[in-house]
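Colleague: Please take a close look at one part of this model, the site you would examine before anything else. Then set that part in the context of the rest of the chain.

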Amino acid sequence: MQLTTPPLAPKTLHTLNSLGILTLEDLRHTGAPTAFLLLKAAGLTVTRSTLWQLAALLRNTTPQALCLSEKNRLLEAIRNHPPVDVFPPQTEMEAFMRLALQQAEQSAALGEIPVGAVVVRNGTLITAAHNTCINSCNISQHAEIRALAAAGAALQNYRLDGCDVYVTIEPCSMCASALIQARVRRVIYGAPEPKTGAAGSIMNLFTNTLLNKHTAVKGGILSAECSSILQRFFQNKRS
(Lines give C-alpha, C1' and ligand atoms only; values in the text may rest on other atoms or scores of the structure.)
Protein backbone atom coordinates (compact mmCIF):
# COMPACT_ATOMS: atom_id res chain seq x y z
CA MET A 1 0.00 0.00 0.00
CA GLN A 2 1.34 3.41 -1.00
CA LEU A 3 2.04 5.97 1.71
CA THR A 4 -0.24 8.97 1.32
CA THR A 5 -1.08 12.42 2.61
CA PRO A 6 -3.09 12.49 4.74
CA PRO A 7 -2.27 11.06 7.21
CA LEU A 8 1.36 12.04 6.53
CA ALA A 9 2.25 15.69 6.09
CA PRO A 10 3.15 16.54 2.46
CA LYS A 11 6.80 17.36 3.27
CA THR A 12 7.15 14.15 5.28
CA LEU A 13 5.71 12.08 2.45
CA HIS A 14 7.91 13.79 -0.16
CA THR A 15 11.07 13.22 1.90
CA LEU A 16 10.21 9.59 2.62
CA ASN A 17 9.67 9.01 -1.10
CA SER A 18 13.01 10.64 -1.91
CA LEU A 19 14.60 8.18 0.52
CA GLY A 20 13.02 5.24 -1.28
CA ILE A 21 10.31 4.67 1.34
CA LEU A 22 7.25 4.61 -0.89
CA THR A 23 4.95 2.00 0.60
CA LEU A 24 3.79 0.75 3.97
CA GLU A 25 5.93 -2.33 3.39
CA ASP A 26 8.98 -0.10 2.81
CA LEU A 27 8.23 1.68 6.07
CA ARG A 28 7.78 -1.63 7.89
CA HIS A 29 11.12 -2.87 6.53
CA THR A 30 12.84 0.36 7.59
CA GLY A 31 11.13 0.71 10.96
CA ALA A 32 9.58 3.82 12.45
CA PRO A 33 12.65 4.90 14.50
CA THR A 34 15.02 4.53 11.54
CA ALA A 35 12.63 6.31 9.17
CA PHE A 36 12.30 9.14 11.70
CA LEU A 37 16.08 9.51 11.95
CA LEU A 38 16.44 9.38 8.16
CA LEU A 39 13.94 12.22 7.84
CA LYS A 40 15.99 14.22 10.31
CA ALA A 41 19.24 13.40 8.49
CA ALA A 42 17.64 14.53 5.23
CA GLY A 43 17.11 17.98 6.74
CA LEU A 44 13.41 17.79 7.53
CA THR A 45 12.26 19.39 10.77
CA VAL A 46 10.72 16.53 12.72
CA THR A 47 9.04 16.33 16.11
CA ARG A 48 7.82 13.54 18.33
CA SER A 49 4.46 13.73 16.60
CA THR A 50 6.22 12.66 13.37
CA LEU A 51 7.51 9.58 15.17
CA TRP A 52 4.08 8.82 16.60
CA GLN A 53 2.54 9.11 13.11
CA LEU A 54 5.05 6.70 11.58
CA ALA A 55 4.55 4.18 14.37
CA ALA A 56 0.77 4.50 14.16
CA LEU A 57 0.83 3.74 10.44
CA LEU A 58 2.65 0.48 11.14
CA ARG A 59 0.07 -0.44 13.77
CA ASN A 60 -2.88 0.56 11.57
CA THR A 61 -4.06 2.99 14.19
CA THR A 62 -3.89 6.69 15.03
CA PRO A 63 -1.18 8.54 16.96
CA GLN A 64 -3.72 9.30 19.67
CA ALA A 65 -4.22 5.57 20.21
CA LEU A 66 -0.57 4.95 21.09
CA CYS A 67 -0.19 4.37 24.81
CA LEU A 68 2.49 6.00 26.94
CA SER A 69 4.55 2.81 27.20
CA GLU A 70 4.62 2.47 23.39
CA LYS A 71 5.79 6.07 23.04
CA ASN A 72 8.48 5.54 25.66
CA ARG A 73 9.71 2.43 23.82
CA LEU A 74 9.96 4.46 20.62
CA LEU A 75 11.93 7.21 22.35
CA GLU A 76 14.25 4.63 23.88
CA ALA A 77 14.80 3.12 20.42
CA ILE A 78 15.76 6.57 19.12
CA ARG A 79 18.21 7.13 21.98
CA ASN A 80 19.90 3.76 21.43
CA HIS A 81 19.78 3.79 17.63
CA PRO A 82 23.03 3.50 15.65
CA PRO A 83 24.01 6.60 13.65
CA VAL A 84 21.83 7.15 10.59
CA ASP A 85 22.56 9.31 7.58
CA VAL A 86 21.56 9.85 3.98
CA PHE A 87 24.37 8.60 1.76
CA PRO A 88 25.53 10.14 -1.54
CA PRO A 89 24.21 8.84 -4.87
CA GLN A 90 25.55 5.46 -5.96
CA THR A 91 27.51 6.96 -8.86
CA GLU A 92 29.29 9.38 -6.53
CA MET A 93 30.16 6.67 -4.03
CA GLU A 94 31.53 4.44 -6.77
CA ALA A 95 33.63 7.29 -8.20
CA PHE A 96 35.34 7.95 -4.87
CA MET A 97 35.74 4.24 -4.19
CA ARG A 98 37.64 3.95 -7.47
CA LEU A 99 40.06 6.57 -6.16
CA ALA A 100 40.48 4.46 -3.03
CA LEU A 101 41.12 1.43 -5.26
CA GLN A 102 43.89 3.36 -7.02
CA GLN A 103 45.48 3.86 -3.62
CA ALA A 104 45.15 0.14 -2.91
CA GLU A 105 46.98 -0.61 -6.16
CA GLN A 106 49.83 1.61 -4.95
CA SER A 107 49.97 -0.45 -1.76
CA ALA A 108 50.20 -3.67 -3.74
CA ALA A 109 53.02 -2.27 -5.90
CA LEU A 110 55.00 -1.61 -2.71
CA GLY A 111 54.38 -5.09 -1.35
CA GLU A 112 51.88 -3.79 1.19
CA ILE A 113 48.47 -5.33 1.85
CA PRO A 114 46.38 -3.45 -0.74
CA VAL A 115 43.98 -1.18 1.11
CA GLY A 116 43.27 2.39 0.07
CA ALA A 117 41.27 5.22 1.59
CA VAL A 118 40.17 8.72 0.65
CA VAL A 119 38.63 11.54 2.69
CA VAL A 120 35.90 13.63 1.07
CA ARG A 121 34.01 16.71 2.24
CA ASN A 122 30.99 18.10 0.40
CA GLY A 123 31.82 16.04 -2.65
CA THR A 124 35.43 17.28 -2.83
CA LEU A 125 38.47 15.06 -2.37
CA ILE A 126 40.57 16.16 0.61
CA THR A 127 43.22 13.45 0.95
CA ALA A 128 44.09 9.94 -0.21
CA ALA A 129 46.28 7.29 1.41
CA HIS A 130 47.20 3.61 1.39
CA ASN A 131 48.72 1.03 3.71
CA THR A 132 52.42 1.47 4.56
CA CYS A 133 52.67 -0.77 7.64
CA ILE A 134 55.36 -3.08 6.27
CA ASN A 135 57.69 -0.48 4.79
CA SER A 136 57.32 1.89 7.74
CA CYS A 137 57.61 -0.94 10.31
CA ASN A 138 54.60 0.66 11.99
CA ILE A 139 51.41 -1.33 12.56
CA SER A 140 49.38 1.87 12.92
CA GLN A 141 49.99 2.96 9.34
CA HIS A 142 46.74 1.61 7.94
CA ALA A 143 45.18 3.47 5.02
CA GLU A 144 42.40 4.94 7.15
CA ILE A 145 44.76 6.23 9.86
CA ARG A 146 47.05 7.85 7.31
CA ALA A 147 44.09 9.39 5.46
CA LEU A 148 42.70 10.83 8.71
CA ALA A 149 46.07 12.30 9.66
CA ALA A 150 46.51 13.90 6.25
CA ALA A 151 42.97 15.28 6.29
CA GLY A 152 43.49 16.74 9.76
CA ALA A 153 46.62 18.50 8.53
CA ALA A 154 44.89 19.74 5.38
CA LEU A 155 41.86 21.07 7.27
CA GLN A 156 43.81 22.15 10.35
CA ASN A 157 41.43 20.30 12.62
CA TYR A 158 41.70 16.92 14.29
CA ARG A 159 37.92 16.62 14.21
CA LEU A 160 36.67 15.84 10.72
CA ASP A 161 33.02 16.81 11.10
CA GLY A 162 31.18 16.62 7.81
CA CYS A 163 33.82 14.42 6.17
CA ASP A 164 33.27 11.04 4.55
CA VAL A 165 35.90 8.30 4.42
CA TYR A 166 35.90 5.77 1.62
CA VAL A 167 37.98 2.64 2.25
CA THR A 168 38.30 -0.45 0.10
CA ILE A 169 37.99 -2.92 3.00
CA GLU A 170 35.84 -2.90 6.13
CA PRO A 171 37.79 -1.07 8.86
CA CYS A 172 39.47 -3.02 11.65
CA SER A 173 38.87 -2.15 15.31
CA MET A 174 41.83 0.26 15.41
CA CYS A 175 40.66 2.17 12.35
CA ALA A 176 36.99 2.07 13.32
CA SER A 177 37.85 3.62 16.67
CA ALA A 178 39.92 6.34 15.00
CA LEU A 179 37.11 7.11 12.54
CA ILE A 180 34.65 7.46 15.41
CA GLN A 181 37.01 9.64 17.45
CA ALA A 182 37.61 11.86 14.42
CA ARG A 183 33.83 12.38 14.21
CA VAL A 184 33.75 11.39 10.57
CA ARG A 185 30.22 11.79 9.26
CA ARG A 186 30.03 8.69 7.05
CA VAL A 187 32.23 5.66 6.36
CA ILE A 188 31.71 3.93 3.03
CA TYR A 189 33.63 0.71 2.54
CA GLY A 190 33.97 -1.80 -0.26
CA ALA A 191 34.39 -5.44 0.75
CA PRO A 192 33.69 -6.97 4.16
CA GLU A 193 36.62 -8.29 6.18
CA PRO A 194 35.36 -11.47 7.90
CA LYS A 195 38.45 -11.90 10.09
CA THR A 196 39.01 -8.39 11.46
CA GLY A 197 36.13 -6.18 10.29
CA ALA A 198 34.76 -3.94 13.05
CA ALA A 199 31.78 -2.56 11.12
CA GLY A 200 29.67 -5.68 11.41
CA SER A 201 31.80 -8.73 10.60
CA ILE A 202 33.32 -9.68 13.96
CA MET A 203 31.94 -6.69 15.87
CA ASN A 204 30.38 -3.31 15.14
CA LEU A 205 31.99 -0.44 17.00
CA PHE A 206 29.87 2.03 15.06
CA THR A 207 26.70 0.78 16.76
CA ASN A 208 28.18 0.68 20.26
CA THR A 209 25.98 3.01 22.30
CA LEU A 210 28.78 3.56 24.84
CA LEU A 211 30.85 5.38 22.21
CA ASN A 212 30.30 8.76 20.58
CA LYS A 213 27.59 8.37 17.96
CA HIS A 214 28.69 10.42 15.00
CA THR A 215 29.50 8.02 12.19
CA ALA A 216 27.09 6.21 9.89
CA VAL A 217 28.39 3.25 7.87
CA LYS A 218 27.58 1.72 4.50
CA GLY A 219 29.35 -1.26 2.94
CA GLY A 220 29.31 -3.09 -0.36
CA ILE A 221 30.38 -0.29 -2.72
CA LEU A 222 32.36 -1.93 -5.57
CA SER A 223 32.70 -4.91 -3.26
CA ALA A 224 33.83 -7.33 -5.98
CA GLU A 225 36.64 -5.06 -7.18
CA CYS A 226 37.78 -4.33 -3.63
CA SER A 227 37.83 -8.00 -2.73
CA SER A 228 39.54 -9.00 -5.98
CA ILE A 229 42.60 -6.83 -5.43
CA LEU A 230 43.18 -8.47 -2.05
CA GLN A 231 42.71 -11.96 -3.46
CA ARG A 232 45.18 -11.31 -6.28
CA PHE A 233 47.72 -9.94 -3.83
CA PHE A 234 47.66 -13.00 -1.58
CA GLN A 235 47.59 -15.41 -4.53
CA ASN A 236 50.77 -13.78 -5.84
CA LYS A 237 52.33 -14.04 -2.39
CA ARG A 238 51.66 -17.77 -2.28
CA SER A 239 52.91 -18.48 -5.81
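**The largest pocket and its surroundings**

Modeller: Start with helix H10. It contributes more than any other element to the lining of the largest pocket, namely four residues. Keep in mind that this is a predicted model. H10 runs over residues 223–238. Helix H7 (133–136) also supplies at least two residues of that lining.

How much space does the largest pocket hold? The computed volume is about 570 Å³. The lining counts 22 residues. Closest to the centre of the pocket are Ile113, Ile169, Glu193, Thr196 and Leu230. Leu230 has a number inside the range of H10. Ile169 is the last residue of strand E3 (163–169).

Now the wider layout. The domain assignment splits the chain into domain 1 (10–80) and domain 2 (90–238). By number, the residues closest to the pocket centre belong to domain 2. Over C-alpha atoms, the centres of domain 1 and domain 2 lie 32 Å apart. The C-alpha trace spans about 65 × 35 × 30 Å along its principal axes. There are ten helices and five strands in the chain. Of its 239 residues, 44% are buried. Take the contacts between residues at least 6 apart in sequence: 59% of them join residues at least 24 apart.

Two loops by E3 and E4 deserve a check of the backbone. Gln156 sits in the loop between helix H8 (143–155) and strand E3. Its phi is positive, about 55°, although Gln156 is not a glycine. Gln156 counts as exposed because its relative accessibility is 68%, and the cut-off for exposed is over 50%. Arg183 is the other case. It lies in the loop between helix H9 (173–181) and strand E4 (186–191). Its phi is also positive, about 60°, and Arg183 is not a glycine either. With a relative accessible area of 22%, Arg183 is partly exposed. Why flag such values? Most residues other than glycine have a negative phi, and most peptide bonds are trans.

The second half of that rule matters at the start of the chain. The peptide bond from Thr5 to Pro6 is cis, with omega near -10°. The bond joining Pro6 and Pro7 is cis too, and its omega is about 10°. Pro6 falls in the segment before helix H1 (10–18). Pro7 is also in the segment before H1.

Domain 1 offers a helix to set beside H10. H5 covers residues 68–79, twelve in number. From first C-alpha to last, H5 reaches 17 Å, close to the 16 Å expected at 1.5 Å a residue. Which residues of H5 are buried? They are Glu70, Leu74, Leu75 and Ile78. Seen down the axis, the buried residues of H5 fall within an arc of 135°, so they line one face. The spacing rule is simple: an α-helix has 3.6 residues a turn, so residues three or four places apart point the same way. The buried residues of H5 pack against helix H3 (32–41) and helix H4 (48–59). Leu68, Arg73 and Arg79 are exposed on the other side of H5.

Terms used
Residues numbered from 1 in each chain as written. Predicted model: local features only at pLDDT ≥ 70, side-chain atom pairs only at ≥ 80, totals over all residues. Heavy atoms only, no water. Expected span 1.5 Å × (residues − 1). Buried < 20%, exposed > 50% of the residue type's maximum accessible area, 1.4 Å probe, protein only. Arc of directions from axis to C-beta. Contact = heavy atoms within 4.5 Å. Domains from an automatic or database assignment. 1 Å grid on protein atoms, 1.4 Å probe; cavity = no way out; pocket = protein on both sides within 12 Å on 5 of 7 lines; lining within 4 Å. Points joined across faces, edges and corners; volume = space filled by probe spheres on them.
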